[in-house]
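Student: Could you walk me through this one? I'd like to go topic by topic.
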Amino acid sequence: MPDIKLENLTKRWGDVVAVDNLNLTIPDRSFTCLLGPSGCGKTTTLRMIAGLEEPTRGRISNGDKLVFCSERGLSLSPDKRDVGLIFQSYALWPHMTVFQNIAFGLEMKKMSRSEIEERVREAAGWMQIDEYLQRYPSELSGGQQQRVALARSLAPRPNCLLMDEPLSNLDAKLRMDMRTELKRIHAETDMTIVYVTHDQLEAISMATTVVVMKEGKLEQCDEPLKLYKYPNNLFVADFVGSPSINLLKGKVIEGHDVWTVQCYDWLLSLKRAPYGDTAVKNGQEVVVGVRCEDILISSSEPPYIGMLVYSNLPTGSDTFVRLRHEGILLTAKLPEPDIIPTGSEINVSFRPGRVLLFDGETGKRISDGTSLVNFQIAS
Amino acid sequence: MGSYSAQPAAGNKLAVHCERGWNRSKRILSNPPLLLSIVLLIISVYLVVVPLISVLASSVTLHSRDTLRVFGKRPGEFTTYYLKRVFASDISSVLFYEPLMNTLIISFLMSVLAISIGTTIAWFVTRTDLPFKRFISNTAVVPFILPSWTLSLAWLTIFKNRTIGGTTGILEYFGVQLPDWISYGPLPIIITMALHYYPFTYMLVGSAFRDFDTRLEEAALVLGGNRWTILRRVVLPMVSPAIVSSFILTISRGIGSFSTPVFLGNPINYRVLSTRMFASLQAGSPGDAYMIAIVMILLAATFIFISNRVIGKRKSFVTISGQAPKAKLVSLGKWRYVASGCILLFLFAVIVVPLFVLAADTFMRVPGVYSPSNFTLHYWIGKSIPGILDGRPGILRDADTWRAFFNSVKLGLSASVLSAIFGILVGYTVVRLRGTWLSSTLDQVSFLPYLIPSIAFGAIYLSLFAQQRGPIPSLYGTFMLIILATTAKNFPFAAKSGISAMIQLGHEIEEAGIIAGASWLTRMRRLVLPLQRSGLLNALILPFISAMRELSMVVILITPGTQLLTTLTFRYSDYGFYHMSNAVVLLLVIVIIVMRYIMQKITGAELSEGLGGN
């Protein structure tokens with residue numbers, strides 16, 4: 001099992017800490033996305049795995065092969081790490097034809113001419129660029145250049161393919177096509193793919209494992225849907241999902257049999273479902289999180305509460321409504337793409353088992369998915 | 001290389017330390033950009049920093065010929081003798097304060113004049129519907145690429161009076177009595193220098209006008225401003241940083257300029273700092289000369305720093321908007337042909353007339369007599385006639401000319417090739433090692449020569465290489481010294497274009513090669529250098545032209561055996577052989593114009609910036 005293992009990985013530039021004591025195992029044959037806002041250290045991490053950036057401290061191993069170790073001053077050069085890398089700009093060599101671009105890495109491996117020819121044709125066939133082999137990169141469209149970059153990385157058959165925001169220069173439609181292509185490549189080869197992106201939708205829809213990073217630190221590493229449903233903390237909850245999760249600040253006023261949280265004049269009573277090592281106490285500041293598809297509209301069964309419709313945002317396939325009560329604004333997804341007149345009052349409830357509680361101070365999740373027991377206005 | 005076990009090394013701490021040290025040093029020693037940058041840093045420190053320190057040291061150490069004047073000190077000892085002599089002695093006013101005042105007055109007034117001309121032409125060319133715009137914009141920069149003293153020689157050919165003897169100018173020949181202040185001194189110096197430097201403002205301010213967002217103008221128009229109000233209240237304030245910065249840069253160039261003051265000021269002993277320094281060197285007082293050189297460096301550097309500040313501010317003006325729409329041009333109406341005519345007339349007067357006068361002069365036995373019998377080709381192809389110009393043959397027949405010509409070409413080629421190589425390598429390492437002190441030090445050291453006026457740079461090289469130092473033999477009198485100085489003076493331009501070429505290339509192009517397993521040499525040879533080809537040509541031809549027309553730096557370093565076309569002109573004019581010096585200048589002008597034409601054909605680029613030198 002050649003997992004890629006990062007231990008205590010740290011990268012500093014002067015006083016700036018780009019990656020901060022990162023511990024991470026990238027499973028063999030996984031499609032792992034490094035996800036985070038810009039400047040979170042995801043690209044730096046990728047470049048350290050590739051060997052283009054030297055970590056300040058830590059160890060990187062690929063299976064049982066140690067590729068970097070600060071303690072022993074060891075660092076394998078990139079070509080000995082058995083990785084391919086797709087750059088954000090593709091980095092195709094403009095003065096070489098597509099064929100020469102793909103063949104370059106094979107030449108460096110001292111392969112014979114016929115073998116190179118064969119491998120180039122194979123990679124080009126894979127990416128459906130056979131007919132462009134004699135063209136120069138500048139004569140190709142953005143999508144075709146992307147395919148050439150992929151073919152170039154695939155031709156030497158690395159065991160791990162690293163990609164740095166490869167789709168960010170493509171338009172929306174092409175991006176969809178390339179996502180499909182990448183998933184196909186992953187399914188048909190036995191490569192491990194490490195993919196850097198700031199687009200949470202891209203990460204969720206493609207990855208088998210998503211690693212969320214913030215300010216150089218690991219926030220959460222999980223399967224995409226688990227990440228979506230059970231974010232470890234407020235940052236992950238807020239960063240993943242579009243529209244973003246509804247978050248209500250409140251205070252625990254009763255933490256024994258049921259948890260009762262006061263938020264403005266709302267009293268939300270939740271079923272106890274402790275998670276993690278933080279106990280829920282009276283007087284604790286907390287944040288209640290509910291995804292917009294988990295807000296139920298026009299509930300007839302209690303517990304529910306009345307809210308005013310503030311505005312409608314139809315997208316065609318879905319309609320999101322903004323609901324208001326006092327200082328509370330919630331976004332809810334309607335079950336049908338419909339429009340509710342602004343100003344009308346509707347009853348609102350939360351889907352059972354899908355309410356999350358976060359600690360107000362640390363931001364950590366302190367509950368499993370839980371349900372409303374009671375929902376009322378404070379008297 | 002074998003694979004390393006993922007297990008941590010067992011055993012004691014010492015073994016771990018040793019292994020780490022060994023592995024690390026192995027990697028540092030096999031990191032080509034790092035090694036390369038160290039080599040480049042050593043080269044540039046040796047060619048720039050060491051000379052700079054040496055000139056500082058020379059100004060405070062006693063020179064052997066002054067031992068008798070300073071009691072109790074031996075040559076090479078520390079002394080404040082030169083400091084006192086230049087700044088606080090009976091002869092200070094002649095040696096320093098008068099030349100300083102003259103320098104400042106000339107630089108200031110000539111900049112004012114150059115700015116006015118440059119800004120006016122820039123405005124007409126970029127912001128109005130002037131006819132013949134292309135031709136004007138191409139021609140307006142020509143005075144800047146010609147050797148700066150072309151105009152001085154032309155001035156003398158027309159306005160020279162009988163004060164200093166020898167043949168007089170055309171006007172005197174026709175009986176016009178010219179006072180000295182028209183023939184020599186500040187007035188002609190200011191005028192001819194301004195006419196040489198105005199294209200500099202024209203290019204800088206012109207590009208500010210061109211980048212100017214016309215929507216700002218349109219907003220003022222919508223609010224009811226008329227054309228002149230808008231020009232005065234919106235357009236000029238917006239481009240004023242560019243104007244101020246080119247003003248300051250022109251002053252700093254004026255401070256270092258040598259050739260114009262030497263031709264037009266020396267005949268009546270009107271000295272500026274550069275010519276004073278040159279005189280001190282010739283009089284055998286290097287201590288004084290180096291002291292003056294230091295003052296010139298400080299002055300020029302101060303002005304350049306101020307200008308960089310101003311340019312920094314200017315950026316914040318220009319980045320207000322993204323894509324500016326195509327400029328809407330001011331309609332000049334019926335005045336457009338008048339304006340165009342005036343500008344063309346001006347260009348005719350500052351380019352064609354001087355060159356024609358110089359050319360005509362070389363074909364006339366006696367100046368100013370326009371009859372066929374006076375026509376002669378003697379100064380070009382004549383055989384040696386005893387009694388005429390010391391019996392020198394025409395310049396095309398004179399071995400001296402051809403030696404100087406080939407020396408100039410040799411200098412241009414070697415200096416431009418060397419500095420282009422240096423520039424690309426500096427660009428590569430500075431960009432690759434960005435963020436390390438090596439990178440920023442290399443960047444700054446290679447910029448240093450920009451702060452140093454050419455003539456001071458020449459003086460510095462003289463002070464360093466005049467005698468043997470350590471393992472390096474005395475280079476004085478060798479062609480090598482001239483090549484080294486010219487190359488080093490080109491470092492700022494070469495490094496700047498190398499760095500911007502590398503930034504444009506980006507790091508991913510090379511990293512893709514690293515991932516593919518290409519060695520450093522393979523990457524350079526097959527990925528990086530092939531993509532620098534067009535930039536390389538540019539980096540070759542501009543330094544070639546500026547090396548060809550450089551006078552003020554090499555004039556100090558030249559010896560009879562290493563004569564160049566530029567210094568030959570200088571020497572002929574020094575002897576009063578104006579026909580010959582004019583002919584040599586024309587030869588030089590032809591070479592430069594041909595080179596510029598080739599450059600434009602090859603790169604398709606307009607000459608807009610980078611032509612340094614004074």
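Tutor: Keeping in mind that this is a predicted model, we can begin with the domains of chain A, where the C-alpha centres of domain 1 and domain 2 of chain A are 39 Å apart.

Student: Where do those domains start and end in chain A?

Tutor: The division of chain A, which comes from an automatic or database domain assignment, puts domain 1 at 4–238 and domain 2 at 244–377.

Student: And how many residues are in contact between domain 1 and domain 2 of chain A?

Tutor: Domain 1 of chain A contributes eight residues, which are in contact with 10 residues of domain 2 of chain A. Sorted by class, the side belonging to domain 1 of chain A has five nonpolar residues, two polar and one charged.

Student: What about the sheet in chain A, in which order do the strands run?

Tutor: The sheet is open and has six strands in the order β7-β8-β9-β3-β10-β11 of chain A, with mixed pairing. At its edges are β7 and β11 (217–222) of chain A, each of which pairs on one side only. On average, and ignoring direction, neighbouring strands of this sheet are turned by 15 degrees against each other.

Student: In which sense do β3 and β9 of chain A pair?

Tutor: Strand β3 (residues 31–35) and strand β9 (residues 192–197) of chain A pair in the parallel sense, over five bridges, and A:F31 stands opposite A:I193 in β9(A).

Student: Which helix packs on that sheet?

Tutor: That is α4 (residues 142–154) of chain A, which touches β7 and β8 (160–164) of chain A and whose direction makes about 170 degrees with that of β7(A).

Student: Switching to the contact between chains A and B, how many residues does each chain give?

Tutor: Chain A gives 27 residues and chain B gives 27 residues. On the chain A side, the elements giving two or more residues are β5 (65–69), β6 (74–75), β7 (83–86) and α2 (98–108) of chain A, and α2(A) provides the largest share, three residues. By class, this side of chain A has 13 nonpolar, seven polar and seven charged residues.

Student: Last topic, chain B: how many helices and strands are there?

Tutor: Chain B has 27 helices and one strand. Its radius of gyration is 27 Å, close to the 25 Å given by the globule rule for 614 residues, so chain B is as compact as a globular protein of that length.

Student: What share of chain B counts as buried?

Tutor: Of its 614 residues, 45% count as buried. Among contacts in chain B with a separation of 6 or more, 75% are between residues 24 or more positions apart.

Terms used:
Residues are numbered from 1 along each chain as its sequence is written. Chains are lettered from A and ligands numbered from 1 in the order in which they are written. This is a predicted model: local features need pLDDT of at least 70, side-chain atom pairs count only at pLDDT 80 or more; totals for chains, interfaces and linings use all residues. Two residues are in contact if their C-beta atoms, placed from the backbone, lie within 7 Å. Helices (H or I, at least four residues) and strands (E, at least two) are DSSP runs, numbered from the N terminus. Ala, Val, Leu, Ile, Met, Phe, Trp, Tyr, Cys and Pro count as nonpolar, Asp, Glu, Lys and Arg as charged, and the others, Gly among them, as polar. Two strands pair if DSSP finds at least two bridges between them. Axes are lines fitted to C-alpha atoms, for helices over the stretch in contact, and angles run from 0 to 180 degrees between N-to-C directions. The radius of gyration is taken over C-alpha atoms; the globule rule is 2.2 Å times the number of residues to the power 0.38. A residue is buried if 20 or more other C-beta atoms lie within 10 Å of its own, exposed if 12 or fewer, and partly exposed in between; C-beta atoms are placed from the backbone.
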